[in-house]
2 protein chains.
Amino acid sequence: MAEKVTPRSEDYSRWYTDIVLQAKLADYSPVKGAMVIRPNGYAIWELIQKNLDRMFKDTGHVNAYFPLLIPESFMAKEAEHVEGFSPECAVVTIGGGQKLEENLYIRPTSETIIWAMYKKWIMSYRDLPLLINQWANVIRWEMRTRLFLRTSEFLWQEGHTAHATYEEAEEETRKILNVYKTFAEEYLAIPVIPGKKSDSEKFAGALHTYSIEAMMQDRKALQAGTSHNLGQNFAKAFDVQFQDKDGKLNFVYATSWGVSTRLIGALIMAHSDDRGLVLPPKMAQRPVVIVPIFRADDEKKAVLEFADKIHQELKSRFNVIYDSREQYKPGFKFAEWELQGIPVRLEIGPKDVANNKVVLVRRDTMQKEFIERNGILDRVTKELDTMQKELLEKARNFRDQNTLIVDDYKKLREIMDGDGGFVMSHWCGSPECETKVKEDTKATIRNIPFAGDKEQGKCIVCGRDSVQRVIFAKAY
Amino acid sequence: MAEKVTPRSEDYSRWYTDIVLQAKLADYSPVKGAMVIRPNGYAIWELIQKNLDRMFKDTGHVNAYFPLLIPESFMAKEAEHVEGFSPECAVVTIGGGQKLEENLYIRPTSETIIWAMYKKWIMSYRDLPLLINQWANVIRWEMRTRLFLRTSEFLWQEGHTAHATYEEAEEETRKILNVYKTFAEEYLAIPVIPGKKSDSEKFAGALHTYSIEAMMQDRKALQAGTSHNLGQNFAKAFDVQFQDKDGKLNFVYATSWGVSTRLIGALIMAHSDDRGLVLPPKMAQRPVVIVPIFRADDEKKAVLEFADKIHQELKSRFNVIYDSREQYKPGFKFAEWELQGIPVRLEIGPKDVANNKVVLVRRDTMQKEFIERNGILDRVTKELDTMQKELLEKARNFRDQNTLIVDDYKKLREIMDGDGGFVMSHWCGSPECETKVKEDTKATIRNIPFAGDKEQGKCIVCGRDSVQRVIFAKAY
């Protein structure tokens, strides 16, 4: 608590790391590339799990668990897949004191082991669709790591579904992207743009990949979830065929989709400020802190009695922090809970008791308001609801203000050399033009948005015909 | 569904495996020693997680996540620990395409990596107690595996707490064992005996280990949870000292404790029968199945109308399976849901509609009862409550009937050569006598029960003085 968060304006990257470390969300571990998710950070992950899991189940999915270790030969069965993932794997070569006959890869993703099982489970159209999700850890070796955003080991969910037709698989791919969008906006209060990835950015082994893209406070993009239509690629690699209603054999169609602990990084970067973390109420396991304030012993009794009753009342609905520690001053407590992002603070002093009022301070606006003691439960509930909505609005306004329609390549370069942002420009669809932008500006095509801007135009790089604008941005 | 479960009496071991495979709880994977937990099995794990997690939080614990991979040098810091676990580890020697400078062990348990972090986090008595739990996968290499009961990879929770005094650590160790006991009895409906492990069976690195021991239907013991008082062993190995209130430095006291997916194996073996799985209602994500029965089209409308309404009513409280599939006969459906262990089945035919009644069949007793249509929600709730209680009673009676007080070594051997069971006998405390019993009978000391039988006696092996009976049994 003696440390201070580096201001965003001074060093954005340090600001982010300061918040993660000082709010005790995560810590560096002695294992290269791996982080420790501390209780304050894991509490956020639990809320992500709980809410997404409910949304998955409401759309007909069930959970299962597949092995961590994948035989080397399985990884090799889908050509693009092994090429994409094999170089970033951690490999087990010794087990139970013996050199293994076949190396085992720690899963970087589980398509191969899951489709090996689906071969056993899928025989007929009656076995389809198969809608399975897994909550698990994965490893993708990273040299340059960043807490939550890029670590060798991370936690995620990976959905793996099997369908009788291409159309059904495509519907599933889009349905899940929509679940991710709803979750990002309604829970994380982060507005996202759904769209299709360019071929160079798609998942290794997919026909095509959809993503949702969010803007962080430094105007960089963060990919917040992906959903892949895998076509029949994995079914062919693992020979998974089903008998249709007419008795004919056909390869199964597949999707896969995932979000990870990276979302915690997005959440931190989307809303926080120079005082520390700002948590949307729905992402706060403890949304309210009560700080009783008193100097003398005669004040103490009255204040604590009053505060205790309010605590009891609020406890019926919220997980409340009741900070009556006497060894710390109010200012110290305020700073601590602001750093940790508790959405609403209630201050209760002797004058408040006398006036039958309470001071409410909202973490995002830091505005103070005297509220009536009576009806406090509903008043706090309303404030939290309002805060949840306003955080999303604020993030949406920020993104919209930093999204620019650009038709001039020099202008695109200027923006990327300067403040950055989302640049909506026409693109002809060629990998060459995509690569040139990346080399010149470090910006990539985030996605080709589903909505809006369907218009004839000229590629910002080569001038050839284009039917749609895409998002160019630097990205995490 | 064409397969049939092997009767217990014919082959207990095949009976167990048949249920696991046919009820789709788990499957063998192509990775040696690893299993796949299928959705029906994972649903049980989700209920274990949900309920235990709430109990941990109610006792002040929080969750966190530590790295999967542990540097070889960390494993070596606690002498007993490395000797116990190192031979069963899976070892990563390649990462990102490069041979690693230091090998990384996949965690067999996380004491070492966690205490390396605690060194960073614990400075003063103000940082204590630290009460952290982790839900994670671990690997302990196994040659002879058995679905759920013994697999190289398994899922578990591992609690790791830090305390200022030995007494506090001891209190925590016992408190958690009690949480495990409550959970086993109230949720799994499995009665357990809490007690202390003998030195030869304690955790590698612990001062002492407590366990809860359950009896399976073949009269063998299954260790259903362990809680370890680690003393200052890990604090010393990782140099974790704290400043007490008087400013003096002292090593921190530790505990660790865990239960795993093995509990699913215990649950299956404790209650199931020759028809398949029997699930205690609290462990069934879907506790009720409704099977409408009709032959002709004119029956169909009336039956489905009646059944639909009942479905709507029950859905308000339970996750109900409404099995109106017309391509399967009722007998086929009954067998399927019996195999999967759904606690209560409601059959609704034309006569029931006419009589305003429903047939209720309880999975454990297989008794049929006509119940009134009106008030069905409370009636089903009551039946599920009763079933939950009676399963525990039944298991307790079975255990008590197969627990024998024995003072004669020949008799002990006879029992272990025959039907087996829990044999309560005096033991002098020497490892030699313990080993002799193991060599002669394959039975081990399960634990030294906390409760009962504190009495003077003579060791059943050597005749020396003993102050307490212990449990001898063959074990999983």
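**Notebook: strands and the two-chain contact**

I looked up B:T209 and found that its bridge partner in β11(B) is B:H228. I note that this is a predicted model, in which local features need pLDDT of at least 70, side-chain atom pairs count only at pLDDT 80 or more, and totals for chains, interfaces and linings use all residues. Residues are numbered from 1 along each chain as its sequence is written, while chains are lettered from A and ligands numbered from 1 in the order in which they are written.

I then followed the strands (DSSP runs of E, at least two residues, numbered from the N terminus). Strand β10 (residues 208-215) of chain B runs antiparallel to strand β11 (residues 221-231) of chain B, and 8 bridges join them; strands count as paired if DSSP finds at least two bridges between them. Both belong to an open, mixed sheet of 8 strands in chain B, ordered β3-β7-β8-β14-β11-β10-β9-β23. At its edges I found β3 (62-63) and β23 (448-449) of chain B, each with a single partner strand, so one side of each is left without a neighbour in the sheet.

Next I compared the chains, superposed by least squares on C-alpha atoms of residues with pLDDT of at least 70 in both. A turn of 180° and a shift of 0.0 Å along the axis lay chain A on chain B with an RMSD of 0.0 Å. The two copies are therefore related as by a two-fold rotation axis, and in chain A the C-alpha nearest this axis, 2.1 Å from it, is that of A:V92.

I also saw that the bridge partner of A:V92 in β5(B) is B:V92, within an antiparallel pairing of β5(A) and β5(B) over 5 bridges.

Notes:
Helices (H or I, at least four residues) and strands (E, at least two) are DSSP runs, numbered from the N terminus.
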